[in-house]
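Colleague: Could you take me through one helix of this model in detail, please? I would like to have the cut-offs alongside the values.

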Amino acid sequence: MKITEIVLPSVGEPESLEVRLRERPQPGPGQALVRVEASGVSFAEQQMRRGKYYDMPAFPFVPGYDLVGVVEELGAPVGGGKPGPVVGQRVAALTKTGGWADYVLLDAADLVPVPDGVDAAEAETLVTNGATAWRMLFRTARVRAGDTVVVHGANGGVGSVLVQLARARGVRVIGTASARNQEAVAALGALPVDYRDDASARVRELAPQGVAAVFDHVGGKGIHDSWRMLARGGTLVSYGSASTRDESGNGTLTVLRLVARLALWNVLPNGRSAYFFNLWAGKARNPQKYRADLAEDLTEVFGLLRDGTIQARIDSVYPLRRAAAAMRHAESGTVVGKVVLSPSADDDSR
């Protein structure tokens, strides 16, 4: 039996993506074959096609940072530990690459159960985005009820989840976005600020003493403004460099310069902290703890989705074979929510 996968052959435009067929793999010991129901189009893939994503694999490869699907086959169990997934169970996984296919072979230990009653596409919007937002809020910045925080790009994939999770915990949120997205940001429960209209001054008006945390995916020169928004004891969490997406040059050096700047700020004797958030930190050093923490965090997020505390924001659903169109749309600057790929979607879906 053949499976379909989308291959990124080299640096290029979205239209350079290729649809390829290969033999369906068989799970070995400790592995699971997952039938993919939904995979996302994220900023990571946008950087990968430019050859600028930190720690990306060599070309050619299959993109796809995360997925939700159903366990189709299981290999022989390995060792002891907690019970693993079962055939027919809906699961989620962080993959970094490989998710843009209709079947994916994964380590069974990396799979997180998706609760009954949660739609696959809706769950998919919260795999990377939900884990990232939850960890930045509650493991890195450790925000508490009554705090005020700033979320840049509050209408985006991670940003909109940050706003919802923070508001659910009683945190006041100032959300930056473009003028056309102000209403959407307000509907999430944040105080909207136009990032083009001296956002720093507006934040100072809303929080004269500074804020407890700033979540910045933009990087670049604006990271200095984010640092200055903090109150004493506040935390800056940087988790990207979107401002440099279309700049030429080495993407790894961009990230390393940003990390170095944050490290310097972090040792200044002013009571403030700065961190670069890496969703994969700790996996190589202690994979068991990483998996346990991820399962705990995603279970919390999926539970909030199931009970209606937070909402999934799906911009559009594209068939897997139309991944190029999906990526082009994801980069259009008009997206509200997440662009999802589905192997089972009709060819005229969007």
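Here is the request in full, followed by the reply.

Colleague: Which salt bridges involve helix α9, and what does α9 give to the lining of the second largest pocket?

Modeller: Happy to. This is a predicted model, so local features need pLDDT of at least 70 and side-chain atom pairs count only at pLDDT 80 or more, while totals for chains, interfaces and linings use all residues. Residues are numbered from 1 along each chain as its sequence is written, and side-chain values use heavy atoms, with hydrogens and water left out.

Helix α9 covers residues 287-306; helices here are DSSP runs of H or I with at least four residues, and strands are E runs of at least two, numbered from the N terminus.

Let's begin with the salt bridges, each a side-chain nitrogen of Lys or Arg within 4 Å of a carboxyl oxygen of Asp or Glu. The structure holds 24 of them. Within α9, Lys289 and Asp293 are paired, at 2.6 Å from N to O. These two residues are four apart, about one turn of the helix. That spacing fits the general rule: an α-helix has 3.6 residues a turn, so residues three or four places apart point the same way. Lys289 is partly exposed at 48% relative accessibility, whereas Asp293 is buried at 15%. (Buried means under 20% relative accessible area, exposed over 50% and partly exposed in between, with a 1.4 Å probe and protein chains only.)

Asp297 of α9 reaches out to another helix. Its salt bridge partner is Arg139, with the closest N and O atoms 2.9 Å apart. This pair links distant parts of the chain, since Arg139 sits in helix α3 and is 158 residues away from Asp297. Asp297 is buried, at 0% relative accessibility, and Arg139 is partly exposed at 32%.

Now to the pocket, which is an open set of points on a 1 Å grid over the protein atoms alone where a 1.4 Å probe fits, with protein on both sides within 12 Å along at least five of seven lines; lining residues have an atom within 4 Å of a point. The second largest pocket holds about 730 Å³ of space. Its lining has 29 residues, with Lys82, Pro83, Gly84, Ala108 and Ala109 nearest the centre. α9 gives the most to this lining, with five residues, and β7 (112-113) also supplies at least two.

Finally, α9 is among the elements that cover the buried residues of α4, where nine of the 12 residues are buried.

Note on methods
Grid points are joined across faces, edges and corners, and a volume is the space filled by probe spheres set on the points. Contact means heavy atoms within 4.5 Å.
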